[in-house]
Structure formats: C-alpha cells, structure tokens
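Hi,

Here is the structure I promised to pass on. Have a look at it first, and then read my notes underneath.

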Amino acid sequence: KAETFAARAGVPAKYQVFMKGLWHMDRQSFAVALEYLTHPSLVPEFADDIILALARHADRADEDHKLPLAYYHTVEPVLKNPASFEALLDAKARTNLFEAVLFARARPESMRELLFRRIITNVLSAPEGDQKAERASELVAMPLDPAEERWFEEVLTEGDGKRLKGAKDTLMMRRIATGRVSNAGEKGTWGTVMDSFRVGSGGRA
C-alpha cells in the first residue's frame, strides 16, 4: 500500500528508498536499514542522527560497532554535530585504535586534541577483559608525535583522567615503551614497575 501511494503521489524513487531506510531504522532493523540508507542515489541526509542512532544502539546492546562504521565509510558524510564525531570516534577506537588516532589527526588542531584525549579515556574506561588488555597494550605502543605525547601525559596526570583505573600504570608503561625507564621507575623497584606493567596492560603480565 505504501509503494502504491508513493507512486500515485509522485514521490521520487530516491526518496522512497530513503524513507524505507528510516522506516527500518525506526523499527531497529539497522542492518536492513543500511541497505537503503547507503544507496548510491542518495545524498547523505540526517547523517549525524543516523551515526548517533547506530552507535548508541551498539552501546546499549553491547554489540560491535561495525554498522556506524559501515555507514560512515560507505556514505562518507560531512558530520556537523560534535556528538556524532565523538560517537564515530568511539566506534573506531573500539574497532581499530590506530584508525581512531588517524581519524583524530585529520581534524583541525583544536578538535584533534579533544578527540585524542577521548581515545585514551575510551580505552581506560572500558570493562576489564582481554579486549581492554589488547587495546591498552596497543595504546602504549602507539607511535605518537610530540603534541600527542604531551596530551597523553596530561590526560593521565590531570583532572578526571588521572582517576581512571590504571591511569598511573598506563603512563608508566608508556614511559617504558618510549625508553624513559629512569622516570618510570623513580618511585620504586622493578617489582613496582612490573606491577604497573601488569595493570597498565589490562591485567597481562
């Protein structure tokens, strides 16, 4: 009936495709919705809202974040809402940490700093487990430029960041990884360093 009405009303075909996508989004059939919303004939409209909806669903359902990333990489929309930028960055950070850093680097300097800081807190605020351990290990071994190195230190030593579980140990691991062992071990023996290494790597010895 809907298609018959659309045809009689003269609704252009591409708008019919778009409305079908939104209809499936509204019913939380997100994978099916993307088949319509990523159609080549469409100009990306409401891209910020679509990214947010997909990312928030993945968070609530504790699923991977492949759908918001699939939409973004297929459509390549210009995002305008800071919240959608952050949601997309979180999705990237949970999927591929290095891609998340590259995404932040491609933004203007003021936004880049905020996004990079968010990547670090995203990793450390994740639930304990193998995934957090892998991401924490990847984070401390990441090649960073001088500005990112400074932000890394600031996040883990100032404000709310220093209260994140494992912040001090992650910072010590980073110092070890970058050859600043004398600074890393300044408060104790190598036993202390190894304890920090274990905690900072998400529980891995």
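Helices and strands here are DSSP runs, numbered from the N terminus: helices are H or I with at least four residues, strands are E with at least two. Counted that way, the protein has 13 helices and zero strands.

Before you go further, please keep in mind that this is a predicted model, in which local features need pLDDT of at least 70 and side-chain atom pairs count only at pLDDT 80 or more, while totals for chains, interfaces and linings use all residues. Residues are numbered from 1 along each chain as its sequence is written, and side-chain values use heavy atoms, with hydrogens and water left out.

Overall picture

Of the 205 residues, 40% count as buried (under 20% relative accessible area; exposed is over 50% and partly exposed is in between, with a 1.4 Å probe and protein chains only). Take contacts (heavy atoms within 4.5 Å) between residues at least 6 apart in sequence: 56% of these join residues at least 24 apart.

The core

A nonpolar core means a set of buried Ala, Val, Leu, Ile, Met, Phe, Trp, Tyr and Cys residues joined through side-chain atoms within 4.5 Å. The largest one has 44 residues, and Tyr-71, Ile-120, Phe-152 and Leu-156 have the most contacts inside it. Helix H8 (residues 109-124) gives the largest share of this core, six residues. If you want one residue to click on, try Ile-120: leaving aside neighbours within four places in sequence, Ile-120 touches Leu-139, Phe-152, Val-155 and Leu-156.

Two helix pairs

For the helix pairs, axes are lines fitted to C-alpha atoms over the stretch in contact, and angles run from 0 to 180 degrees between N-to-C directions. The axes of helix H4 (residues 47-61) and helix H5 (residues 66-75) come within 8 Å and cross at roughly 160 degrees. That makes H4 roughly antiparallel to H5 (angles over 145 degrees count as that, under 35 as roughly parallel, 65 to 115 as roughly perpendicular, and the rest as oblique). H4 and H5 have a left-handed crossing, that is, the near helix is turned anticlockwise from the far one by less than a right angle, whereas clockwise would be right-handed.

Which residues make the contact between H4 and H5? From H4 they are Ala-47, Ile-50, Ile-51, Leu-54 and Ala-55, and from H5 they are Leu-67, Pro-68, Tyr-71 and Tyr-72. By class that is nine nonpolar, no polar and no charged (Ala, Val, Leu, Ile, Met, Phe, Trp, Tyr, Cys and Pro count as nonpolar, Asp, Glu, Lys and Arg as charged, and the others, Gly among them, as polar).

H8 also pairs with helix H9 (residues 130-140): their axes come within 9 Å and cross at roughly 145 degrees. This crossing is left-handed too. H8 brings Ile-120, Asn-122, Val-123 and Leu-124 to the contact, and H9 brings Lys-132, Arg-135, Ala-136 and Leu-139. Here the split is five nonpolar, one polar and two charged residues.

A few single residues

Gln-28 sits in the loop between helix H2 (13-26) and helix H3 (30-37). Gln-28 has a phi near 60 degrees, a positive value in a residue other than glycine, and is exposed, with a relative accessible area of 52%. Phe-46, in the loop between H3 and H4, also has a positive phi, near 55 degrees.

Pro-82 is in helix H6 (residues 82-95) and is exposed at 55% relative accessible area. The C-alpha atoms of Pro-82 and Asp-48 are 9.0 Å apart, with their positions 34 residues apart along the chain.

Cheers
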